[in-house]
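Work through the exercises below with the structure open beside you. Each one sets a task and is followed by a solution in steps.

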Amino acid sequence: MKIRLKLTLISTAVTALILVGVSLSIYYFFSLYRQIEFYDRLKERAVITEQYYMEEDELSTLTYQEVQKKYQQYLPDEVTALFGMEADLNRLQDSLQVRLPPDFFEQIAALQYMEFKSGDRQAVAVWYDDNQGDFVVCVSAIDHFGIIKMADLQTILIACFFISIGIIFISGKFFSQQALKPITKMVKDVNRIGLSNLHLRVVTDDSKDEINELAMTFNHMLERLETSFERQKNFISNASHELKNPLTAIIGQVALMLEKERPAEEYRDALQTVAYEAKRLNNLTSKLLSLAQTDFDESTLLDEEVRLDELLMEVEEDVSKVFPGNRIQIHFENIPEEDALITLTGNRKLLQAALANILENACKFSGNQEVCVSIRADETELMITIADRGIGIAPQDLQNIFQPFYRAGNARGYQGFGIGLSLTDKIIRMHGGAIQVASELDAGTRFMITFEKHREIPKLKS
């Protein structure tokens, strides 16, 4: 069932319930008022009857004539009875055509006024204390005119109910269609968007309603999807290019050596070239696998307690194997005594790879000049700072250094693939941290890695 029809039916049903309640209330209170008004008329007839029969000698001639005129104005199906306390109750019931209680005489003597109802017939009894004795005047009648009015009212209420429901259903359908028109338009806009035209967006306006907010949220999602697809496309293109180069060199060398017999020295040179390119290919494949690993569900990976001071020393030993003449200086003077303050929950292998990438770059792009590493921790955060005196990074390149396969203009002469910093950024974010970079050309670069303590690790976004 579509929302438009559902809203129409719900609004119609709610209105129908309200109309039923209002109609029943009107009918009930009008019926109650009719009965009360007719009881008043019966009471008035009882008083007139009493005056007509019992007070002729006490009233003036003119007044009694007025009483006679009123007495002649009968009610529909009126039955009048004037009797004493010794009257037979059964005969009274038959005469008045109403059912009287067994203790009728006791009640009327105590209350002096009573009302009765049997079917459509209403009746009143009035106690009269005369010098000739105690009497009771009873009058019963049927309010035919009031009953007809009640039937007409019932017909009017039923007719108005169904007419109102019809009008409400039609108007509800119209207004729900108008209210949901932006959603219908949004659906058409969304159906136009596919993989080939992710640049398209849902049309929005300046309104503050929920539908416009939904459209803006959807546009933000499209922007993230478009960026993700572009990055994926560029990643595949760059990865294919980087993998193709060493493979082409290896295949070329092997094909060249197989063309004819060559001296042992040429075979040795060719094997060295093949070994070099194979090593490059192996390094590239390892980095690509590490980069892909950061896209897994990290909740099953980040379960180790890692002391960052110990991890830094291990990384320094590993970097020394790659850059034997490095001048890495790790400063431990700001490390707190409490182990918990410098301990991070995460994946030791990935954190080691992230720190190694930054330290290797610091050594490589500074020509093994001094690299200062410091670590600071308190109750709220843990910070690692790595500073070198290398070639630096141009301002226009700083915003792109964490993109896969991106290499700054002044780094093109150095060996590398442009994957390390992208991998490092993903690993740090996976552990709930952040990286800030400050750099100046030919003056050096400073990396500041910050981990917030007691922070929920976010889901990594590509």
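A residue counts as buried when its relative accessible area is under 20%, as exposed when that area is over 50%, and as partly exposed in between. The model used throughout is a predicted one.

**Exercise 1. Decide whether C372 and C160 are buried, exposed or partly exposed, and state how many disulfides the structure holds.**

Step 1. C372 has a relative accessible area of 26%, and it is therefore partly exposed.
Step 2. C160 has a relative accessibility of 41%, so this cysteine also counts as partly exposed.
Step 3. A disulfide is a covalent bond between the sulfur atoms of two cysteines. The structure holds zero disulfides.

**Exercise 2. Describe the protein chain as a whole, stating how many helices and strands it has and what share of its residues counts as buried.**

Step 1. Counting the secondary structure elements gives twelve helices and eleven strands for the protein chain.
Step 2. The chain has 462 residues, of which 37% count as buried.
Step 3. Among the contacts in the chain with a separation of 6 or more, 65% are made by residues that stand 24 or more positions apart.

**Exercise 3. Place Q154 in its helix and classify its exposure.**

Step 1. Q154 lies in helix α5, which covers residues 144-179.
Step 2. The relative accessibility of Q154 is 38%, which means that this residue counts as partly exposed.
Step 3. Although Q154 and L24 are 130 residues apart in sequence, their C-alpha atoms are 9.3 Å apart in space.

**Exercise 4. Characterise how helix α9 and helix α10 cross, and say which residues meet there.**

Step 1. Helix α9 spans residues 308-322 and helix α10 spans residues 348-366; their axes come within 9 Å and cross at roughly 50°.
Step 2. Because of this angle, α9 is oblique to α10, and the crossing of the two helices is right-handed.
Step 3. On the α9 side the contact is made by L311, L312, E314, V315, D318, V319 and V322, and these meet R348, L351, Q352, L355, A356, L359, E360 and C363 of α10.
Step 4. Sorted by class, the contact of α9 with α10 consists of ten nonpolar, one polar and four charged residues.

**Exercise 5. Find out whether D397 is buried or exposed, and which residues it touches beyond four places in sequence.**

Step 1. D397 belongs to helix α11, made up of residues 395-398.
Step 2. With a relative accessibility of 8%, D397 falls under the cut-off of 20% and therefore counts as buried.
Step 3. Leaving aside residues up to four places away in sequence, D397 touches Y406, A408 and G409.

**Exercise 6. Follow the chain from helix α12 to strand β10, and describe the surroundings of I435.**

Step 1. Helix α12, residues 420-430, is mostly covered, since ten of its eleven residues are buried; among them are T424, D425 and I428.
Step 2. Just after α12 comes G432, which takes a positive phi of about 75°.
Step 3. I435 is found in strand β10, residues 433-440, and a relative accessible area of 15% makes this residue buried.
Step 4. Not counting residues up to four places away in sequence, I435 touches F402, T424, D425, I428, F447, M448 and I449.
Step 5. The C-alpha atoms of I435 and T450 are separated by 6.5 Å, while the two residues are 15 residues apart along the chain.

Note on methods: Residues are numbered from 1 along each chain as its sequence is written. This is a predicted model: local features need pLDDT of at least 70, side-chain atom pairs count only at pLDDT 80 or more; totals for chains, interfaces and linings use all residues. Side-chain values use heavy atoms; hydrogens and water are left out. Helices (H or I, at least four residues) and strands (E, at least two) are DSSP runs, numbered from the N terminus. Buried means under 20% relative accessible area, exposed over 50%, partly exposed in between (1.4 Å probe, protein chains only). Axes are lines fitted to C-alpha atoms, for helices over the stretch in contact, and angles run from 0 to 180 degrees between N-to-C directions. Angles under 35 degrees count as roughly parallel, over 145 as roughly antiparallel, 65 to 115 as roughly perpendicular and the rest as oblique. A crossing is left-handed if the near helix is turned anticlockwise from the far one by less than a right angle, and right-handed if clockwise. Contact means heavy atoms within 4.5 Å. Ala, Val, Leu, Ile, Met, Phe, Trp, Tyr, Cys and Pro count as nonpolar, Asp, Glu, Lys and Arg as charged, and the others, Gly among them, as polar. A disulfide is a pair of cysteine sulfur atoms within 2.5 Å.
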